[in-house]
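Reader: I work at the bench and would like to learn how to read a structural model feature by feature. Could you take me through one, giving the general idea before each case?

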Amino acid sequence: MEEAQAALAARPGDPDALALVGSLHMHAARWSEAQTAFRTLQGKGPGATAPAPEELRNDAYAMLSVANIIYYNALKDGAKVHSDEGVKRKLMERLTDAMTLYQKVLHLHSDNIYAANGIGVCLAEQGKIDQAKDVFTSVQEVAAGSTERCLPDVWVNLAHIYLALAQYNSAIKMYQGCLRKFYYNCDAQVMLYMARAYYDWDKLQDCKRTLLRALHLKPTDHRLRFNIALAMQEFAYRTLQRQASSATKRYSDVVTAVEELRLALKFFAALKDLPPPAEGAPPLIQPAKLQTHVRFCADTLSKAQNVLDAARREEEKAAARREEQRQRLRAETALKAAEEARKKEEEKRAFEEAQAQALANEERLKKLRAQWAVEVPTADAYDNNEPLDSELTRSPVKKKKLQSLPDGEDDSSEDDEYDPLRDKSSKAALAAAGLGSSSDEDEEKGSDDEEAEYRDSGLSSDEDGGMEIDEDEDEERASKKKAKASKKDKKDRKKKKKDKKRKKQREAAAAAAAE
């Protein structure tokens, strides 16, 4: 500042020197001195020696600086806006004056995004949130398309608009984008804004983490410590209130809340014990406010002990129930495992018994096959129509019956029409012994022979099954036919007797195989 004042003294009225002096006064929050410097630059201030040229009277930097000073002065009055109508009216007048200057700059320089940003700020302060949002969005789009214009204030202001609209997620994303794009995630002030959004969103743990990050960047900022303690106090209080009114209390949540409350009490007590500021400087945090928070945390801790004890008792009961459930589950698991083992053992035993039975049946079948190979006649005997008089082919009942009959007679019954070959087990036994059924073939052969004899004798079968004799045949031919018919009947009777004998032999063979 001294060098800037020396430059201004060397060259009174120099625009650059005046602009530098005014800018330094603004950074020091000396709004009146800054406004005087910029008014002098425009040839309007008390220090102006001569009228300024047109280009200085309409200097964009000077007008923007004066508008910003008016806005900052209006913010100081805004703290009393709810208690004094006169202050509120004065605030609105100053905001109107600032917006007039911003609009004038924008009229002279239509691409000035700083003037547009100022208009959006004034609209937001006047409560015109939707209009301010449209302005900030337009400015952001223009700034995003230019590599030479970097205005993080637009991002911050748009995030403030989202926060005012209770769109917390959008606000936090805007703050995070501003940190990443302009500050390499290392700006404590933007982090403080983002912590406020988390606080309003009831995400107090995220608020605390964000404030701790900011404290790492500015470890001497006691306002950040106060905000951290406030976030911990609010988290503990809300958690204890929720657990006290809940039917089921979570012991871990209550313990966490009590620990947070104790830590917040330490923070507030440490801030209260800080040495007083330099003479004439206002304190960063009012001691009365700190004392109020210390008292509140101590009272809440004393009341939280009851909630902690109740939560501990419920936790012990829940642990006992969980242990009982675990024991019951173990017992059920063991019982189920034993049942499965028993079933597996039974299945294994049944499988082994089935295997043993199958082996026994196989051995028995081998013995039967060996016996059949020695005692059972071959198929040639059946083909040659040899009588079967083996002891194997006769059951004991048949043997006894045959022995009781006179010589030359056999036990052939016209009424017994049962064919053992129709029984599947008998057929299987005969097939295993190499014996087959020739009755069907004999019947077909007999039918074919009969048909041939009929044709040779001049007889034909009509549809009714009767025999038709040609009336033109002479008596000699008729006698031949009768002789042939008599011969055929004799042959049929002989064949029928032979079939019955074979039938008895097959029954005997089937009975032996069944035994």
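Author: Let us begin with helix packing, bearing in mind that this is a predicted model. Two packed helices are described by the angle between their axes and by the distance between those axes. Here helix α10 (residues 168-182) and helix α11 (residues 188-200) pack at an angle of about 165°, with their axes 10 Å apart.

Reader: Are α10 and α11 to be called roughly parallel or antiparallel to each other?

Author: Angles over 145 degrees count as roughly antiparallel, and α10 and α11 are therefore roughly antiparallel to each other. The crossing in which α10 passes α11 is left-handed.

Reader: Which residue in α11 could I look at, and how far in space is it from Cys178?

Author: Take Val190, which is found in helix α11 and is buried, with a relative accessible area of 3%. Val190 and Cys178 are twelve residues apart in sequence, and their C-alpha atoms are 8.0 Å apart in space.

Reader: What should I notice about the backbone of Tyr184?

Author: As a general idea, most residues other than glycine have a negative phi. Tyr184, however, is a residue other than glycine with a positive phi, near 55°. Tyr184 lies in the loop between α10 and α11 and counts as exposed, at 70% relative accessibility.

Reader: What is the sign of phi in Ala29, and where does Ala29 lie?

Author: Ala29 has a positive phi of about 60° although it is not a glycine, and its place is the loop between α2 (15-27) and α3. Ala29 is partly exposed, with a relative accessible area of 44%. Beyond the other end of that helix, α3 is followed by Gly43, whose phi is also positive, near 80°.

Reader: Which residues of α3 are buried?

Author: A useful general idea is that an α-helix has 3.6 residues a turn, so residues three or four places apart point the same way. In helix α3 (residues 31-41), the buried residues are Trp31, Ala34, Ala37, Phe38, Thr40 and Leu41.

Reader: How many salt bridges does the structure hold, and how should I read one of them?

Author: There are 17 salt bridges in the structure. In one of them, the side chains of Glu260 and Lys208 meet with an N to O distance of 2.9 Å. Because Glu260 lies in helix α14 (residues 251-272) and Lys208 in helix α12 (residues 204-217), the pair ties together parts that are 52 residues apart in sequence.

Reader: Are Glu260 and Lys208 buried or exposed?

Author: Glu260 is buried, with a relative accessible area of 9%, and Lys208 also counts as buried, at 15% relative accessibility. For another pair, consider Asp273, which forms a salt bridge with Lys272, the closest N and O atoms being 3.7 Å apart. There Asp273 counts as exposed, at 57% relative accessibility, whereas Lys272 counts as partly exposed, at 35%.

Reader: Which residues are linked in a network of salt bridges?

Author: Asp202, Glu234 and Arg238 are linked in such a network.

Reader: What does the side chain of Asp221 do at the N-terminal end of α13?

Author: Asp221 caps that end of α13, with a side-chain oxygen lying 3.1 Å from the backbone nitrogen of Arg223. The side chain of Asp221 also meets that of Lys218 in a salt bridge of 3.8 Å, N to O. Asp221 is buried, with a relative accessible area of 12%, while Lys218 counts as partly exposed, at 39%.

Reader: What span should helix α13 have, and how far apart are its end C-alpha atoms?

Author: At 1.5 Å a residue, the 23 residues of helix α13 (residues 222-244) should span 33 Å, and the end C-alpha atoms are 33 Å apart, which agrees.

Reader: Which side chain is joined to that of Asn117 by a polar contact?

Author: The side chain of Asn157 is joined to that of Asn117 by a polar contact of 2.9 Å. Asn117 is found in helix α7 (residues 113-125) and counts as buried, at 9% relative accessibility. Gly118 also lies in helix α7 and counts as buried, at 5%. The C-alpha atoms of Gly118 and Ala67 are separated by 8.3 Å, although these residues are 51 residues apart along the chain.

Notes: Residues numbered from 1 in each chain as written. Heavy atoms only, no water. Salt bridge = Lys/Arg side-chain N within 4 Å of Asp/Glu carboxyl O. Helix = DSSP H or I, 4+ residues; strand = E, 2+ residues; numbered from the N terminus. Buried < 20%, exposed > 50% of the residue type's maximum accessible area, 1.4 Å probe, protein only. Expected span 1.5 Å × (residues − 1). Polar contact = N/O pair within 3.5 Å; in protein donor to acceptor, adjacent residues only side chain to side chain. Axes fitted to C-alpha atoms, helices over the stretch in contact; angles between N-to-C directions. Parallel < 35°, antiparallel > 145°, perpendicular 65-115°, else oblique. Left-handed = near helix turned anticlockwise from the far one by under 90°.
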